[in-house]
Amino acid sequence: MLINLFHLPQIAKNTFEGRLPDERTLIFLHEHLFRIFNKIAVLVLLGILPFVLYIFLANTLESSETVLLYWLVSMVALMFLWFKLFYEIMKYLMNVWLVTDHRIIDSELHGFFNRSISEISLAKIQDVTVHIKGFYQTY
């Protein structure tokens with residue numbers, strides 16, 4: 001009984017705002033994981049860089065004030081890298097393509113507070129052409 005009091009209604013996986021009454025979701029797509037892994041790998045390598053640099057620069061940093069300044073600048077840079085990582089993960093999760101039995105919907109995040117949603121009816125699509133050149137463009 002107590003569990004039922006706190007049970008919140010859950011939204012079904014195939015619903016979205018603006019769904020037509022007789023519309024069914026066929027495909028729900030994100031970017032390929034390879035693209036987000038590339039961005040995360042670069043950010044992790046940049047995050048390790050201040051620690052590796054300190055190993056090489058430890059002998060040249062003479063005073064304790066210089067060491068403190070080095071770590072202050074490094075931590076500020078790491079904070080910006082952390083924000084960039086959060087932003088890239090958020091973009092990956094929020095940029096989606098929905099293919100329904102009536103239309104295609106593209107939801108794209110341009111910034112933290114800037115989002116665009118485009119849609120086109122399947123009846124209006126006349127021709128589709130795809131050109132893929134190289135390994136990285138495949139993803």
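This passage describes the sheet, a helix packed across it and two residues of helix H2 in a predicted model.

The sheet is open and consists of 4 strands in the order S1-S2-S3-S4, with antiparallel pairing. Its edges are formed by strand S1 (25-29) and strand S4 (114-121); each has a single partner strand, so one side of each is left without a neighbour in the sheet. From one strand to the next, the twist averages 15°. Strand S3 (residues 103-111) and S4 run antiparallel and are joined by 8 bridges. Within this pair, Ile104 is placed opposite Ile120 of S4.

Helix H3 (residues 64-94) lies across three strands, namely S2 (96-100), S3 and S4. The helix runs at about 165° to S3.

Helix H2 (residues 33-57) includes Leu57, and Tyr54 also lies in H2. The relative accessible area of Tyr54 is 26%. This value falls between the limits of 20% for buried and 50% for exposed residues, and Tyr54 is therefore classed as partly exposed. Leu57, with a relative accessible area of 30%, is likewise partly exposed.

Both residues were related to Tyr70 by C-alpha distance. For Tyr54 and Tyr70, which are 16 residues apart along the chain, the C-alpha atoms are separated by 8.5 Å. For Leu57 and Tyr70, 13 residues apart along the chain, the C-alpha separation is 9.9 Å. When neighbours within four places in sequence are set aside, the contacts of Tyr54 are with Leu61, Val67, Tyr70 and Trp71.

How values were computed:
Residues are numbered from 1 along each chain as its sequence is written. This is a predicted model: local features need pLDDT of at least 70, side-chain atom pairs count only at pLDDT 80 or more; totals for chains, interfaces and linings use all residues. Side-chain values use heavy atoms; hydrogens and water are left out. Two strands pair if DSSP finds at least two bridges between them. Helices (H or I, at least four residues) and strands (E, at least two) are DSSP runs, numbered from the N terminus. Axes are lines fitted to C-alpha atoms, for helices over the stretch in contact, and angles run from 0 to 180 degrees between N-to-C directions. Contact means heavy atoms within 4.5 Å. Buried means under 20% relative accessible area, exposed over 50%, partly exposed in between (1.4 Å probe, protein chains only).
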